[in-house]
Amino acid sequence: MPGSRSGLDPSEPIAPPAAEPSEPTSPAARARSDDPVPHAPAGPDLASALGRDGVESAQIGTYAWDLATGELALDEQLLTVFGFDPDEFDGTIGAVGQRLHPHDRPRVARAFELAVEGQGYLELEFRVLVPHADARWVLARGRLVQDHDGRPSRAVGAAFDATARQQGEARTARLLEAMPTAFFSVDAEWRFTYVNSEGEQLLRRPREELLGGTLWDLFPETRGTAFETGYLRAAHTGETVGFEAHHPAPLDAIFEVRAWPGPDGLAVYLQDVTERHRAQRATEQTARLERLKAQVTDRLTETLDVDQSVSRLAPLLVPTLADWCIVTVVDHADDPGTPPVMRDVGFAHRDARQLPLVSRYAGRRLESIRDDSYVERSLRTAQLVEVRSGATEAVRAVLAPGEARDLITRLAPGSGAVVPLRGRGRTLALVTLFNGRERGPMTRQELRTAQDLAGRAGLALDNARLYRQQRHLAEELQRSLLAEPAGPEHVQIVARYVPAAEAAEVGGDWYDAFPQRSGDTVVVIGDVLGHDSAAAATMGQLRAALRGIAVATGAGPAELLGVVDQTMHTLRTPTMATAFVARLEHSCEQAERGEATVRWSNAGHPSPVLIGPDGSVEDVVGVRPDLLLGVDPDATRSEATLTLQPGATLVLFTDGLVERRDEGISEGLARLRSTLEELAGRDLHSLCDEVVARMLPSRPKDDVVVLALRLDPVEARSPEAAR
């Protein structure tokens, strides 16, 4: 048996060790037979060949073992390492075998047998039990020397005390084992040489299976990934490489990797950061959803048009909540017995190439759905309806045969949900959200966000609905107070009233035109300070008072304003207002020429603009505007006159036409004059419409009145008007 030939029989008894060093972290024994074995004479001393001084300075001991006789020669250094006194060692291999650690004896015996059989080099590491001392690690190397017949006759070599190195390696091993992160090393052939316990857990393989195995064989899925690229770069460049990447199944995790090369191969640190990435993604998703909520709230409050407001939802929801979506408005009739009508008003898709398909589907689906469709179910129950899988087949099943069914097949949603937008007891809109099969169904967080957004959107839409109703009533009231201006047949009078877009209440701007008993025509434009229902009520009182006093007394403009001012004071009307009152007077001579005298008085109102028959534009000048109504009831009111030629146009307006936050009043007046020069040849209706369109922003901040009057040319008048 191998043990008897070497003299290291594992069955021989040995005293138990007093202390044991840690297991080695590198291969304990290795017999090398790949190099040729040299022939050497039987007797040369290895120490002489190496140089006595060099061997001693390196604390290396030498040995020579005669395989035929079993005689073993140890120098003084090795006698000390093995704990022998010079007189105690009997010069046999058995004496050394007695001091081997019992756990290492079979391995050492086998290593010697392999070396003898293979006539190669010997390298092994083992523990020695020294009396009255701790166990020691010995690293021995040697070679077989052949006799003249080519048979191994002696083993010669060197050894030294490797306890300090092993203790250092043991400390390193303990440190690596205690690390809360995975660590492994591979040699130059990519064979695992070490793996700590965390590495076993992370790599999901025991170290017995890993050690000695090749990285690429054990983990073939690593090929072609960032792991292969990083490991090869570290090995080829000699530089430390760090990266984060997802490792394919079966590990299926995201790892933070740091690989650094060394003389013996590659050392790799791995940490599973999947949860960190998942938490980071969750945080980012939460932030995206919160931003989406803010965007939806802002966009829905930018317009009072329901269709426009709801259609803005689609591009906001995609792709944060879904791959594509359709937004549907629900129109409710005034009659509770009439079922609501649905209209698709908006859509979006994350892939612009799919938008034409979604557009066609949105235009066809409502006419094709059955009563058990998901949108009908959500409308009836006012609840979220979800299809978590098989959405294409499920939607096809509730569509009548035709284009809509074909289109949903091409769009191929994997999952979907219908979310109702509720406002004060009824569904105002529906949002249908779809995901492709790759994305999967909406998460619970995404569904909660969709419902939250639906609640906000529903409330905003209902507020807009109520606002429009209130505004409509307010405008109707305002317009009912502003009757069509009346004037003589040969005088055209046209007015335009534009309410402010920002307020739900009526304002204080007003106009009027009516005849007096003398046959003259009174034209009035004014503005009560304030933009609320109180201002509108005061405006109605002022308008009625001025009209009644003018008709009853026949007073001229200045007297009329004075009486109205005193009436406000007497009735304790707590307001102030601007007013411009003009009266068109005709003498017989003027009537023959087609002219008229305009007599006016101004209580703090913007002065009108005159367009001459030739298209020239000029400000109406005369006296300075007097105090506003409601400031001083005893204030003196002045008058001025001008002659209005046939074909001339007098344009009156309130300050909202020429006042803006981004420009001064003088710039606004200049813009008005320039606009009127371009429109001078238009008929009065077209002129007033264009003035409003060109001068006002899309959402005016203030009420505006534009009133224009024009004398017809004589040749255009009827015979009765000419008389």
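Trainee: What makes strand S2 and strand S3 (residues 72-74) count as a pair?

Mentor: S2 and S3 share three bridges in the antiparallel sense, and pairing asks for at least two bridges found by DSSP, so the condition is met. Within these bridges, tyrosine 63 stands opposite leucine 74 in S3. The strands themselves are DSSP runs of E with at least two residues, helices are runs of H or I with at least four, and both are numbered from the N terminus. The model is predicted, so local features need a pLDDT of at least 70 and side-chain atom pairs a pLDDT of 80 or more, whereas totals for chains, interfaces and linings use all residues. Residues are numbered from 1 along each chain as its sequence is written, and side-chain values use heavy atoms, without hydrogens and water.

Trainee: How do you know that S2 (residues 61-66) also pairs with strand S6 (residues 152-161)?

Mentor: The same test applies: S2 and S6 are joined by six bridges, again in the antiparallel sense, and in S6 the partner of alanine 64 is valine 156.

Trainee: Why are strand S13 (341-349) and strand S14 (385-387) called edge strands?

Mentor: The open sheet has five strands in the order S13-S12-S16-S15-S14, paired antiparallel, and S13 and S14 each pair on one side only. From one strand to the next, the twist averages 15°.

Trainee: Which helix packs on this sheet, and what does it touch?

Mentor: Helix H15 (residues 355-368) touches strand S12 (324-331), S13 and S16, where contact means heavy atoms within 4.5 Å. The direction of H15 makes about 170° with that of S13.

Trainee: Is valine 341, in strand S13, buried, partly exposed or exposed?

Mentor: Its relative accessible area is 48%; buried means under 20%, exposed over 50%, and partly exposed in between (1.4 Å probe, protein chains only), so valine 341 is partly exposed. Leaving aside residues up to four places away in sequence, valine 341 touches Val329, Val330 and Asp331.

Trainee: Why is the packing of helix H23 (residues 665-679) on helix H24 (residues 684-695) called oblique?

Mentor: The angle between H23 and H24 is about 140°, and their axes are 10 Å apart. Axes are lines fitted to C-alpha atoms, for helices over the stretch in contact, and angles run from 0 to 180 degrees between N-to-C directions. Under 35 degrees is roughly parallel, over 145 roughly antiparallel, 65 to 115 roughly perpendicular, and the rest is oblique, which means that H23 is oblique to H24. Residues that meet in this contact include Leu672 and Leu676 of H23, and Leu687 and Val691 of H24.

Trainee: What makes arginine 204 and alanine 382 stand out in their loops?

Mentor: Most residues other than glycine have a negative phi, and most peptide bonds are trans. Arginine 204, in the loop between helix H8 (197-203) and helix H9 (207-210), has a positive phi of about 60°. Alanine 382, in the loop between helix H16 (374-381) and S14, also has a positive phi of about 60°.

Trainee: How do you know whether each of these two is buried, partly exposed or exposed?

Mentor: Arginine 204 has 54% relative accessibility and therefore counts as exposed, whereas alanine 382, with 22%, counts as partly exposed.

Trainee: Which peptide bonds before a proline are cis?

Mentor: Among them are the bond from alanine 249 to proline 250, with omega near 15°, and the bond joining valine 318 and proline 319, with omega about 5°.
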